[in-house]
Structure formats: structure tokens, C-alpha cells
Amino acid sequence: MAQTYSTEFKKEACKRVQSGVPAAQVARELGINVNTLYSWMSRFKAHPADPLSAAATCIRKTPNCVP
């Protein structure tokens, strides 16, 4: 079963990368896949107010998705 992470965990991971720490280093230190981190960063960038909304989640699955 896939591991789930809190919104706060995801936000903090993204903030560390935005502050200049390499994504690979953050991912390694947190024990997550770097591609997972990049996915979270894309969602936070596209929908900073609500990165876990249906719109934010659907952008990765289907480019023309309408939630």
C-alpha cells in the first residue's frame, strides 16, 4: 500500500527545496522518491492556496481534466 503524507509534511518539503536545498537531498533525507517531491512541487506551484484540491490533483492525471 502506498505511503500517505500530511499536507504539512508536503509543504515543508517543498519549502526546503524552494529555499535552495537540492530536491534530491531533501527527498533522501525525508525517505521519499525525488519524483514524488517534484510532483508535490508542481501541485503547490499550480495551486498554492489549495494544492490538494481536485484541480491540483487532476493536472497530473489528465492535462485537460475539469474537476
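Right after helix H2 comes Gly31, a residue with a positive phi, near 75°. Helices here (H or I, at least four residues) and strands (E, at least two) are DSSP runs, numbered from the N terminus. Keep in mind that this is a predicted model, where local features need pLDDT of at least 70 and side-chain atom pairs count only at pLDDT 80 or more, while totals for chains, interfaces and linings use all residues. Residues are numbered from 1 along each chain as its sequence is written, and side-chain values use heavy atoms, with hydrogens and water left out.

**The overall picture**

The protein chain has 4 helices and 0 strands, so to speak an α-α-α-α run from the N terminus on. Of its 67 residues, 25% count as buried. Buried means under 20% relative accessible area, exposed means over 50%, and partly exposed is in between (1.4 Å probe, protein chains only). As for contacts (heavy atoms within 4.5 Å), take those in the protein chain with a separation of 6 or more: 30% of them join residues 24 or more positions apart. Thr7 and Asp50 make a nice pair to look up: they sit 43 residues apart along the chain, with their C-alpha atoms separated by 9.9 Å. Thr7 belongs to helix H1 and, at 32% relative accessibility, counts as partly exposed.

**Helix H2 and its buried side**

Back to the helix that Gly31 follows. In H2, the buried residues are Ala23, Val26 and Ala27. Seen down the axis of H2, they fall within an arc of 95°, so they line one face of the helix. That arc is taken from the directions from the helix axis to the C-beta atoms. What do these buried residues pack against? Their partners are H1 and H3.

Ala27 deserves a second glance. This H2 residue is buried, at 2% relative accessibility. Leaving aside its neighbours within four places in sequence, Ala27 is in contact with Ile32, Asn33, Val34 and Leu37. From Ala27 to Val17 it is 10 residues in sequence and 9.5 Å in space, C-alpha to C-alpha.

**The core**

A nonpolar core is a set of buried Ala, Val, Leu, Ile, Met, Phe, Trp, Tyr and Cys residues joined through side-chain atoms within 4.5 Å. The largest one has 10 residues: Ala13, Cys14, Val17, Ala23, Val26, Ala27, Ile32, Leu37, Trp40 and Phe44. H1, H2 and H3 are the elements that give two or more residues to this core. In soluble globular proteins, nonpolar side chains tend to be buried together.

**Helix H3**

Helix H3 covers residues 34-46, which makes 13 residues. At 1.5 Å a residue it should span 18 Å, and its end C-alpha atoms are indeed 18 Å apart, which agrees. The expected span is 1.5 Å times one less than the number of residues in the helix.

Which residues of H3 are buried? They are Leu37, Ser39, Trp40, Arg43 and Phe44. These cover an arc of only 160° around the axis, which puts them on the same side of H3. Turn to the face away from that buried side and you find the exposed residues Asn35 and Lys45.

The N-terminal end of H3 has a cap, Asn33: one of its side-chain oxygens lies 2.6 Å from the backbone nitrogen of Asn35. For a polar contact, the cut-off is a pair of N or O atoms within 3.5 Å; within protein, one must be able to donate a hydrogen and the other to accept it, and residues adjacent in sequence count only if both atoms are side-chain atoms.

**Salt bridges**

Side chains of opposite charge can pair when their charged atoms come close. A salt bridge here is a side-chain nitrogen of Lys or Arg within 4 Å of a carboxyl oxygen of Asp or Glu, and by this rule the count comes to 2.

| Salt bridge | Closest N and O atoms |
|---|---|
| Lys15 and Glu12 | 3.7 Å |
| Arg16 and Glu29 | 2.4 Å |

Arg16 in helix H1 and Glu29 in helix H2 (residues 23-30) are 13 residues apart, and the pair links distant parts of the chain. Arg16 is partly exposed, with a relative accessible area of 30%, and Glu29 counts as partly exposed at 46%.

Lys15 and Glu12 both belong to helix H1 (residues 7-18), where being 3 residues apart separates them by about one helical turn. Lys15 is partly exposed at 46% relative accessible area, and Glu12 is partly exposed at 36%.
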